[in-house]
Amino acid sequence: MTGKFDGKVVLVTGGSSGIGLAAAKRFAAEGALMVIAGRRQEQLDAAVKEVGEGTLAVRADVSSLSDLDVLIDRIRERHGRLDIVFANAGAAGAPTPMQQLTEADYNEIFDQNVKSVLFTVQKALPLLADGGAVVITSSIAHIKGIPGATLYGASKAAIRSFARTWSNEFKGRRIRVNVISPGPTKTPLHADIEANPNAAEAVAGMLRMIPAGRMAEPEEIAAAAVFLASPDASFITGVELYADGGLAQI
Ligand SMILES: NC(=O)c1ccc[n+]([C@@H]2O[C@H](COP(=O)([O-])OP(=O)(O)OC[C@H]3O[C@@H](n4cnc5c(N)ncnc54)[C@H](OP(=O)(O)O)[C@@H]3O)[C@@H](O)[C@H]2O)c1
């Protein structure tokens, strides 16, 4: 049987949980040689069992440039190249009114969501094959004006902008760059937000607004992200694909 990603080397950051794990499993099922990255070794070990024993799992904080160097070196040693980068790892932070935000909050969210994606892609580029694909994870939060999400929303707006600039900058190498923007999805990240008493009302209100009438399963977001990375999306670059049950469309 042939898969859409037979023999392709695919890096998924945050591939040990939630959307990234679901995507890694789907890429692997379509024949990809998988690399996943995350900070917690235990989560990585558990993910390898689900994605496949041949998976290269690298413990790395993707907001650390030296960790990214190690990650890219490990990929170079194992595979010598990359075909697809899904820079997906990110953090939401605790919902916080704007007046209470600190410099540390700012640094944390922009490091986790913006610096991480910028330097993951920058450092992957020399290994990335011409004609390859980059998918980066934003969120409906950057257009919905969610109370308490000043930093998260702004950081995810930067991701949307990256795809516009990079799809132009990388065109000489035919590397496509697209954004996946999930709506509320059943993952540990979202469970943390739901558990926060400051966010309960806003979250409940948002969930009532979803035309699909429910939250997403991680596999539903992964399907859209994997599509963007696949040959089926060969003429698609610079877009933002909302997998949000319609929430950001109304
Ligand atoms: N769930 C939602 O409702 C939702 C909605 C919109 C957008 N998103 C976005 O989707 C992406 C994935 O989120 P998720 O919901 O799947 O969350 P999740 O289940 O909590 O998974 C996050 C993954 O990223 C890894 N990670 C986080 N920070 C990292 C860092 N600095 N370095 C390396 N790995 C890191 C985590 O592993 P370690 O903790 O072990 O590092 C974990 O594997 C995020 O960018 C998030 O903003 C999620």
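This report walks through the overall build, the nonpolar cores and two loop residues of a predicted model.

## Overall build

Let's start with the basics: the chain is built from nine helices and seven strands. Its C-alpha trace covers about 50 × 40 × 35 Å along the principal axes. For 250 residues, a compact globule would come out with a radius of gyration near 18 Å, and the chain has 17 Å, so the two agree.

As for contacts, take those with a separation of 6 or more: 73% of them join residues 24 or more positions apart. Buried residues account for 51% of the 250 in the chain.

## Surface and charge

On the outside, the chain has an accessible surface of about 11,600 Å². Carbon and sulfur atoms own 52% of that surface.

Then there are the charges, 25 positive and 27 negative. Average the positions of each set, and the two mean positions sit 5 Å apart.

## The nonpolar cores

The largest nonpolar core holds 38 residues, and the members that touch the most others are Leu71, Ile75, Leu82 and Ile136. Helix α4, which runs over residues 103-124, is the top contributor to this core, giving seven residues. Apart from this core lies another one of 30 residues, with Ile19, Ala32, Phe86 and Val135 among them.

Leu82 is a handy place to look at the packing. Setting aside neighbours within four places in sequence, Leu82 is in contact with Val9, Val10 and Leu11, with Ile75, and with Ala124, Leu127, Leu128 and Ala129.

## Arg174, out in a loop

Next up is Arg174, in the loop that links α6 (150-169) to β6 (176-182). Arg174 isn't a glycine, yet its phi is positive, at about 55°. Is this arginine buried or exposed? Arg174 has 57% relative accessibility, and the cut-off for exposed is over 50%, so Arg174 counts as exposed.

## Ala199, tucked into another loop

Ala199 also belongs to a loop, the one between α7 (188-195) and α8 (200-208). Here the relative accessibility is 5%, and buried means under 20%, so Ala199 counts as buried.

Which residues does Ala199 touch, not counting those up to four places away in sequence? They are Pro95 and Ile193. For a sense of distance across the model, try Ala199 and Asp130: they are 69 residues apart in sequence, and their C-alpha atoms are 44 Å apart in space.

Note on methods:
Residues are numbered from 1 along each chain as its sequence is written. This is a predicted model: local features need pLDDT of at least 70, side-chain atom pairs count only at pLDDT 80 or more; totals for chains, interfaces and linings use all residues. Side-chain values use heavy atoms; hydrogens and water are left out. Helices (H or I, at least four residues) and strands (E, at least two) are DSSP runs, numbered from the N terminus. The radius of gyration is taken over C-alpha atoms; the globule rule is 2.2 Å times the number of residues to the power 0.38. Buried means under 20% relative accessible area, exposed over 50%, partly exposed in between (1.4 Å probe, protein chains only). Contact means heavy atoms within 4.5 Å. Accessible areas come from the Shrake-Rupley method with a 1.4 Å probe; for residues, only the protein chains shown count as cover. Lys and Arg count as positive and Asp and Glu as negative; His and the chain ends are not counted. The place of a charge is taken as NZ of Lys, CZ of Arg, CG of Asp or CD of Glu. A nonpolar core is a set of buried Ala, Val, Leu, Ile, Met, Phe, Trp, Tyr and Cys residues joined through side-chain atoms within 4.5 Å.
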